[in-house]
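Work through the exercises below with the model open. Each has a task, then a solution in steps.

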Amino acid sequence: PGDPGEEEEEEEEDEPDPEAPENGSLPRFVPRFNFTLKDLTRFVDFNIKGRDVIVFLHIQKTGGTTFGRHLVKNIRLEQPCSCKAGQKKCTCHRPGKKETWLFSRFSTGWSCGLHADWTELTNCVPAIMEKKDCPRNHSHTRNFYYITMLRDPVSRYLSEWKHVQRGATWKTSLHMCDGRSPTPDELPTCYPGDDWSGVSLREFMDCSYNLANNRQVRMLADLSLVGCYNLTFMNESERNTILLQSAKNNLKNMAFFGLTEFQRKTQFLFERTFNLKFISPFTQFNITRASNVEINEGARQHIEELNFLDMQLYEYAKDLFQQRYHHTKQLEHQRDRQKRREERRLQREHRDHQWPKEDGAAEGTVTEDYNSQVVRW
């Protein structure tokens, strides 16, 4: 059977890079949050031949389709993923084994449900991987490295609205939490028929239980902490505080996350984190469906209010991402400088070694090079 919800998105595009130099100089990045060195240092000794697995948490309309394709088609590997024309999934096996190293839509399909979130994946992935790989007497456990992509909340929200307007629903998503899916009372639908095609932005914003609102926080938080989808479990303000803090913690502790608005930096950080290289560079698309939507300041403000948790998460994520990027760049510059110094030192030693001083030679510290010269003379 095909994967559930394969009405899924067509190719997603990316936003222009706000850091692109306009007048030849980059805007200076000023950090806002205090992160520890541990938070900024991301290096995974990824063992593709062992038991390590990359798990991609794909949030709707964050450029995840594009990034997911990079993972299966664009990484330079000893044994590349096998992608056959006409098939939705690729086979990503470890070299010489029939075991998969990547858990994602394009490798394992929606095995934990369509667009499974952090709560669903962390509860479901280990068991699914055990089943898939039929382990025999495996003594050591797997390492799961979670990764995701985030996007500016207003652009993401508009992109989701345009997508739903064209007929997408994601209604086959399971939203599993604490062992069950939410009841219709806990998670009502915003529309009566099969889909919500043709919905206006006003209608889209007016539905209070629209899952597009604060989607990124909800999908990254541990929903068990707030009683899952049961809104009577605690008051709204307490629930929001816990969700935001949980989403920040989970994001910070993931092996890697990228930002749709920074494609090249996302590529750079992924390559340095996992010590894997992409074959061709990521591209930054300037025109997207969201960027084509003309909205007035009032509508923009309303979207920001509806996504006030996502707005806070994104500010945090952007700051952490930029700090990680600058920290990694700095480390790389230091390593390069050290390497150049070492090379110059070796060259100097080599020169001194080739032409020893006369008096040194008289003391019996004659080098092989010097002896061979004497023989030649």
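**Exercise 1. Place Cys228 and describe its backbone and burial.**

Task: In which loop is Cys228 found, and is Cys228 buried or exposed?

Solution.
- Step 1: locate the residue. Cys228 sits in the loop between H6 and H7. This is a predicted model.
- Step 2: read the backbone. Phi of Cys228 is near 60°. That is a positive value in a residue other than glycine.
- Step 3: check the accessibility. The relative accessibility of Cys228 is 7%. The cut-off for buried is under 20%. Cys228 therefore counts as buried.

**Exercise 2. Trace the disulfide of Cys228.**

Task: Which cysteine does a disulfide join to Cys228, and which parts of the chain does the pair link?

Solution.
- Step 1: find the partner. Cys177 is joined to Cys228, S to S 2.0 Å.
- Step 2: assign the hand. The torsion about the S-S bond of Cys177 and Cys228 is about -70°, so this disulfide is left-handed.
- Step 3: map the ends. Cys177 lies in the loop between helix H4 (153-165) and helix H5 (201-206). Cys228 lies in the loop between helix H6 (215-220) and helix H7 (236-253). The two are 51 residues apart, and the pair links distant parts of the chain.
- Step 4: check the cover. Both Cys177 and Cys228 are buried.

**Exercise 3. Examine Thr232.**

Task: Is Thr232 buried or exposed, and how many residues apart in sequence are Thr232 and Glu186?

Solution.
- Step 1: locate the residue. Thr232 is in the loop between H6 and H7.
- Step 2: apply the cut-off. Exposed means over 50% relative accessible area. Thr232 has 70%, so it is exposed.
- Step 3: take both separations. Thr232 and Glu186 are 46 residues apart in sequence. In space they are 9.4 Å apart, C-alpha to C-alpha.

**Exercise 4. Analyse the loop between S2 and H3.**

Task: What does the disulfide of Cys112 and Cys124 tie together, and what is the phi of His115?

Solution.
- Step 1: identify the bond. Cys112 and Cys124 form a disulfide, S to S 1.9 Å. The angle about its S-S bond is -90°, and the link is left-handed.
- Step 2: place both ends. Cys112 lies in the loop between strand S2 (102-103) and helix H3 (118-133), and Cys124 in helix H3, so the pair ties together parts that are twelve residues apart in sequence.
- Step 3: compare with the burial cut-off. Cys112 is buried at 6% relative accessible area. Cys124 is buried at 19%, where the limit is under 20%.
- Step 4: turn to His115. His115 lies in the loop between S2 and H3. Its phi is positive, about 50°, although it is not a glycine. His115 counts as buried at 4% relative accessibility.

**Exercise 5. Characterise Cys83 and Cys90, then the pairing.**

Task: What is the hand of the link of Cys83 and Cys90, and how many disulfides are there?

Solution.
- Step 1: take the distance. The sulfur atoms of Cys83 and Cys90 are 2.2 Å apart. The cut-off is within 2.5 Å, so the pair forms a disulfide.
- Step 2: assign the hand. With 110° about the S-S bond, the link of Cys83 and Cys90 is right-handed.
- Step 3: classify the ends. Cys83 is partly exposed at 31%, whereas Cys90 is buried at 6%.
- Step 4: count and pair. The count is five disulfides. With bonded cysteines numbered in sequence order, the pairing is 1-4, 2-3, 5-6, 7-10, 8-9.

Key. Residues are numbered from 1 along each chain as its sequence is written. This is a predicted model: local features need pLDDT of at least 70, side-chain atom pairs count only at pLDDT 80 or more; totals for chains, interfaces and linings use all residues. Side-chain values use heavy atoms; hydrogens and water are left out. Buried means under 20% relative accessible area, exposed over 50%, partly exposed in between (1.4 Å probe, protein chains only). Helices (H or I, at least four residues) and strands (E, at least two) are DSSP runs, numbered from the N terminus.
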